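Me: I'd like to learn how to read a fold like this one. Can we walk through it together, starting with a pair of strands?

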Amino acid sequence: MTLISKKKWSLERDWTPYMKRALELAEEAQLKGDVPVGAVLVNVDGKIVAEAFNQRENLKDPTAHAEVLALRAASQIEKAWRLKGYTLVVTLEPCVMCAGALSLSRLDRVVYGCRDLRAGAMGSRYTVHEDAWLNHDIIKIEGVLEEECRQILQNFFRSKRQ
């Protein structure tokens, strides 16, 4: 199988099982008092190479978003910062910081569950993934298990307001 056919195949992949795992990770974040966002990084063969969930509260680190933590873990495992051929599956549309990090990592695509209308940087508020000034474009796939991803976030924030 050539790289081109693998790339096409990965575009047609069923991302649901990966998003289900990302949702399990989001639940872990919620149990630890953080915003429930989970992410998995998948290689071209469909193997989950790294996974993470939000840990800003636990680590006292404003950059400890699920996406960034997954990128860091994968870079350590793969011993490379360029993650060409990889896909990030995340429950919530990445913010500006995360979208920038994803672009800099040379990731092929991002699959996300629900939009972030306040801070989303892959279509909702900004379009970092296709910014002409950056040297890398990222394919975006949205809406995988959208309702489940939205519901865990809404329930989390509703519980905070009570």
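Reply: Sure. Keep in mind that this is a predicted model. Start with a pairing: strand β4 (residues 109-114) is joined to β5 by four bridges, and the two run parallel.

Me: Which residue of β5 does V111 stand opposite?

Reply: V111 faces I141 in β5.

Me: Now zoom out to the sheet. In what order do the strands lie, and is the sheet open or closed?

Reply: To read a sheet, list its strands by neighbour. Here the order is β2-β1-β3-β4-β5, five strands in an open sheet with mixed pairing.

Me: Why is one side of β2 and of β5 left without a neighbour in the sheet?

Reply: Look at the ends of the order. β2 (48-53) and β5 (139-142) are at the edges and each has a single partner strand, so one side of each has no neighbour in the sheet. As for twist, neighbouring strands here are turned by 15° against each other on average, ignoring direction.

Me: Which strands does helix α2 touch?

Reply: For a helix on a sheet, ask what it touches and how it is angled. Helix α2 (residues 16-31) packs on the sheet and touches β1 (38-42), β2, β3 (87-92) and β4. The direction of α2 makes about 140° with that of β1.

Me: And what does helix α6 touch?

Reply: Helix α6 (residues 146-161) also packs on the sheet, where it touches β3 and β4. Its direction makes about 65° with that of β4.

Me: Let's do two helices. At what angle do the axes of α4 and α5 cross?

Reply: Check the axis distance and the angle together. The axes of helix α4 (residues 66-78) and helix α5 (residues 96-104) come within 9 Å and cross at roughly 25°. Angles under 35 degrees count as roughly parallel, and that makes α4 roughly parallel to α5. The crossing is left-handed.

Me: Which residues make the contact?

Reply: From α4 come E67, V68 and L71, and from α5 come M97, C98, A101 and L102. By type, the contact residues divide into six nonpolar, one charged and no polar.

Me: How many helices and strands does the protein chain have?

Reply: Six helices and five strands. Along the sequence the pattern reads α-α-β-β-α-α-β-α-β-β-α.

Me: Last one: what is the radius of gyration of the protein chain?

Reply: Compare it with what the chain length suggests. The protein chain has 15 Å, which agrees with the value near 15 Å for a compact globule with 162 residues. Along the principal axes, its C-alpha atoms fill a box of roughly 55 × 35 × 30 Å.

Conventions: Residues numbered from 1 in each chain as written. Predicted model: local features only at pLDDT ≥ 70, side-chain atom pairs only at ≥ 80, totals over all residues. Heavy atoms only, no water. Pairing = 2+ DSSP bridges. Axes fitted to C-alpha atoms, helices over the stretch in contact; angles between N-to-C directions. Contact = heavy atoms within 4.5 Å. Parallel < 35°, antiparallel > 145°, perpendicular 65-115°, else oblique. Left-handed = near helix turned anticlockwise from the far one by under 90°. Nonpolar A, V, L, I, M, F, W, Y, C, P; charged D, E, K, R; others polar. Rg over C-alpha atoms; globule rule 2.2 N^0.38 Å.
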